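The following exercises concern surface, confidence, fold and core. Please inspect the sequence and the structure before reading each solution.

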Amino acid sequence: LLSFSYAKGGAGESLCPLFVRYGSSSYLAKTGMEWDDRWSLFVSSKKALPLNVSAVYYGKGALSKLAIGNYNARFAQGLALWSGMTMSGLPSVESLSRRESGISASQSTSAACNGIAAEFNFGRLTLSAGTTLELEKETLRIGALANLSYLWSRGQCGITAVAGASAQTVSANWRFRLGKADFYGEAAWEFASGAPAIITGIRMDPRWKAAWGFTARYYSPSFEGHWSGAPGSFSRNTDETGIAAVFRYQWVNLSADTAWRPQKGLWQTKAILNLSPEISVGRLTVFPLLKYTFCRKAGNLSDNSKGAAIKNNLRSEVKATLGPWQAGLRGDCLWCRGFAWLALAETGYKDETLSCFLHTEYFDIPNWDDRIYVYQRDVPGSFNVPARYGKGLSASLVGGCSLHGKGKPICHRINFRAGALIYRKETQKPSAFEWRVQYSLKW
């Protein structure tokens, strides 16, 4: 796969491979190639320098992977080492635990791991090891990471070690299955701070479309977690003690999570009820959704006030598909610092060669603490979930078209996105306009 793109923002324009963002202060460029199911290469640049390269070879013998440049390293539950983006919160059974992927290619311009890494398979044993470069006080330092895992028919166990300028951490992890129960966990120790961290849990799948899970975690206030990406209620794995439980049966999902941050003096309790049935009549399929979120924060809040903040968010959504045609409506009502609401509509068409979607929003969210997140379609390789705040409207048109060569396995595809975000005068925020064009060639 080979891709190029052209994009324009409010302050300038630029031409470079795969994906471009250009504004008043920065731009992002990426290009990628994959071939023969055994090689992958990604090149990216942010603000022109430095140039980031990620090349990975996938072997079939003892050497299963060889990475040069930027790479991802994700092991166990992520307490000792988990590079790349992670999402906080525990809303589903799947979010209670991580599934490791080991060494893999990275398309990020700010990858946590860069250098050289390899993964070896020796029967039931898997050994992963690598080096990484870190810039500390304008001095370039070399770090090392390693993981040894043993796999058997009902589970696996392993150890992970990281030795770098920012952290020196070692951990032990386990996952095994007894009947329909899946037990997992990881315990870590950080040498620089002398602080522990542990997460453990259980998942049960008693019957079809039914599951429940429970997890408990303790991340010491002194545990800095520079390389961590374990499940949790907050963005970093530090200063957190909590438990979470999730129950799912068919289209009903109920989750509850409570966490205490002793160093910050903050207690958060969150519960989510999600109802998402599926209704089919012939070619017409309807996906209604009703979601209620309750969140209570007590102690030292983000605005430096003391007391408690209670957030109630009610979201209703309905999506429908009729062959290649799709449509959706969504409405949010939120009560916390004040009253906030958002409404959106989307319609479009998608088949194997052509896709086109029109997305519109209108929102009135006076307080930043009441912000509402919205998923938006974008060109492939982009993750777009903006936080809506203020009063205004948004509209975007996203689509693509594929052209196949005659008698040859060659596919040309052009993807595009054009968007506008317009605020009312009372919001005192500048409006934004953007458009992107992406070309890809697959053979």
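**Exercise 1.** State how much area the chain exposes and what share carbon and sulfur atoms supply.

*Solution.* The exposed area of the chain is about 23300 Å², by the Shrake-Rupley method with a 1.4 Å probe. Carbon and sulfur atoms supply 62% of this area. As for burial (under 20% relative accessible area, 1.4 Å probe, protein chains only), 40% of the 443 residues qualify.

**Exercise 2.** Determine how confident the predictor is along the chain.

*Solution.* This is a predicted model, in which local features need pLDDT of at least 70, side-chain atom pairs count only at pLDDT 80 or more, and totals for chains, interfaces and linings use all residues. Residues are numbered from 1 along each chain as its sequence is written, and side-chain values use heavy atoms, with hydrogens and water left out. The average pLDDT (the predictor's confidence in each residue, from 0 to 100) is 85, and 83% of the residues score at least 70. Over residues 1-27, pLDDT stays under 50.

**Exercise 3.** Count the helices and strands, then locate the largest nonpolar core.

*Solution.* DSSP runs define helices (H or I, at least four residues) and strands (E, at least two), numbered from the N terminus. The chain has zero helices and 30 strands. A nonpolar core comprises buried Ala, Val, Leu, Ile, Met, Phe, Trp, Tyr and Cys residues joined through side-chain atoms within 4.5 Å. The largest has 14 residues, with Tyr71, Leu81 and Trp227 among those having the most contacts inside it. At least two residues of this core come from each of β7 (63-74), β8 (102-105) and β9 (113-122); β7 gives the largest share, three residues. A second, separate core of 10 residues includes Leu334 and Leu421.

Key:
Buried means under 20% relative accessible area, exposed over 50%, partly exposed in between (1.4 Å probe, protein chains only). Contact means heavy atoms within 4.5 Å.
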